[in-house]
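Please open the model in a viewer and keep the sequence at hand. The tour below proposes one selection at a time and states what is to be found there.

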Amino acid sequence: MNDSQPQMRDAHSKYSPAGKTHGGVQHTSFSAPGKNPVGEVVLVATADGLVGVYFSGGKHVPDIAECGPRCELDDDARQRDDVGTSESSTSIRRILCQARAELSEYFVGKRKTFTVPLDWAHVAASASEFSVQVWRLLQGIAYGATTTYGALAREMGSVGLSQRVGQVVGRNPWSVIVPCHRVLGADGSLTGYAGGLDRKRWLLQHEEPSAAEAGRLF
């Protein structure tokens, strides 16, 4: 993945969950359970998988108009009748329900990994190849572990790509599920996070509370 003279278009390009077609997506939102600063979480999906997990009020959150119609979910995770009952809507409902359930379990300490499908093809259609490669690297950072922007840049071919990698990490469309919060500065500092540093700090402490108490984080 040699890219010693990268074009910086990643920093300025804005991924849209609606993709190039601006159709075929629906969204829902829920409040993260438990005592935490996470707040409202917005989920966006196609019939093939999740294409967005965003924190309300965070940076790079797409306009709600780009997220398709709202899919209202009942407390028992069933879709309301007024959303429609097409095969596509049923698939989207299933994915949104699964994502909400798995994230809710994560926030209360009952889940460490996610199985909800991600629609990589949909995301790749409107994101750069470099961005997709970086986001896939993020998937390899295990629960309770961290890495640095420099380490990711080396995996992408050159430590000189650190700034570009950082910009792409900041635009990761799948917060928590693709764990961009596990990327730290070279000195272990939190640095930037699209969801806000309070959320990033909580997520890391939530995953490795013993390290936080011992002062090994931040």
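Begin by selecting strand β2, residues 40–46, together with β3: the two strands run antiparallel and are joined by six bridges. The model on display is a predicted one.

**The sheet**

Keep β2 and β3 selected and look at the connection: they form a hairpin, with two residues between the strands. Two positions may be labelled here. V44 stands opposite G52 in β3, and V42 stands opposite Y54, also in β3.

Next, add β1 to the selection. β1 and β2 are likewise antiparallel, and six bridges join them. Label T28 and find its bridge partner in β2, which is L43.

With the three strands shown together, an open sheet appears in the order β1-β2-β3, with antiparallel pairing. Which strands stand at the edges? They are β1 (26–31) and β3 (49–55); each has a single partner strand, so one side of each is left without a neighbour in the sheet. View the sheet along its strands to follow the twist, which averages 20° from one strand to the next.

Return to β2 and colour its residues by accessibility. Six of its seven residues are buried, so β2 is largely enclosed by the rest of the structure.

**The helix across the sheet**

Now select helix α2. It lies across β1, β2 and β3, and runs at about 145° to β2.

**The aromatic residues**

Stay with α2, residues 87–107, and select Y106, which belongs to this helix. Is Y106 buried or exposed? Its relative accessibility is 0%, and Y106 therefore counts as buried. F107 is buried as well, with a relative accessible area of 3%.

Aromatic pairs are worth displaying at this point. A pair of aromatic rings is described by the distance of the centres and the angle of the planes. With ring centres required to lie within 6.5 Å, the count comes to six aromatic pairs. In one of them, the rings of Y106 and F107 have centres 5.5 Å apart and planes at 70°, so the pair is edge-to-face.

Add Y143 to the selection. The ring centres of Y106 and Y143 are 6.3 Å apart and the planes stand at 80°, so this pair is also edge-to-face. The pair links distant parts of the chain: Y143 is found in the loop between α4 (129–138) and β4 (147–148), and is 37 residues from Y106.

Finally, extend the selection to F114 and W202. Together with Y106, F107 and Y143, these residues form one aromatic cluster.

**Charges over rings**

Two arginine residues should be selected next, each with its ring. R136 lies over the face of W120, at 4.0 Å from the ring centre. The charged end of R164 sits over the ring of F130, 3.6 Å from its centre.

**The salt bridges**

Side chains of opposite charge can pair when their charged atoms come close. With a cut-off of 4 Å between the nitrogen and the carboxyl oxygen, the count comes to four salt bridges. Three of these selections follow.

Select E105 and R111. The two form a salt bridge, with the closest N and O atoms 2.8 Å apart. E105 counts as partly exposed, at 30% relative accessibility.

Select E207 and R182. Their side chains meet in a salt bridge of 2.9 Å, N to O. E207 lies in helix α7 (residues 197–207) and R182 in the loop between α6 (162–169) and β5 (183–184), so the pair ties together parts that are 25 residues apart in sequence. Both E207 and R182 are buried.

Remain in α7 and select D198 and R201. Their closest N and O atoms are 3.4 Å apart, in a salt bridge. Both residues lie in α7, three residues apart, about one turn of the helix. How exposed are they to the surroundings? D198 counts as exposed, at 54% relative accessibility, whereas R201 is partly exposed, with a relative accessible area of 31%.

**The whole chain**

To close, show the full protein chain. There are eight helices and five strands, and along the sequence they follow the pattern α-β-β-β-α-α-α-β-α-α-β-α-α. The chain has 218 residues, of which 47% count as buried. Display the contacts between residues at least 6 apart in sequence: 62% of them join residues at least 24 apart.

How values were computed
Residues are numbered from 1 along each chain as its sequence is written. Side-chain values use heavy atoms; hydrogens and water are left out. Rings of Phe, Tyr and Trp (its six-membered ring) pair if their centres lie within 6.5 Å; planes under 30 degrees apart count as stacked, over 60 as edge-to-face and the rest as tilted. Buried means under 20% relative accessible area, exposed over 50%, partly exposed in between (1.4 Å probe, protein chains only). Helices (H or I, at least four residues) and strands (E, at least two) are DSSP runs, numbered from the N terminus. A charge sits over a ring if NZ of Lys or CZ of Arg is within 6 Å of the ring centre and within 35 degrees of the ring normal. Two strands pair if DSSP finds at least two bridges between them. Axes are lines fitted to C-alpha atoms, for helices over the stretch in contact, and angles run from 0 to 180 degrees between N-to-C directions. Contact means heavy atoms within 4.5 Å.
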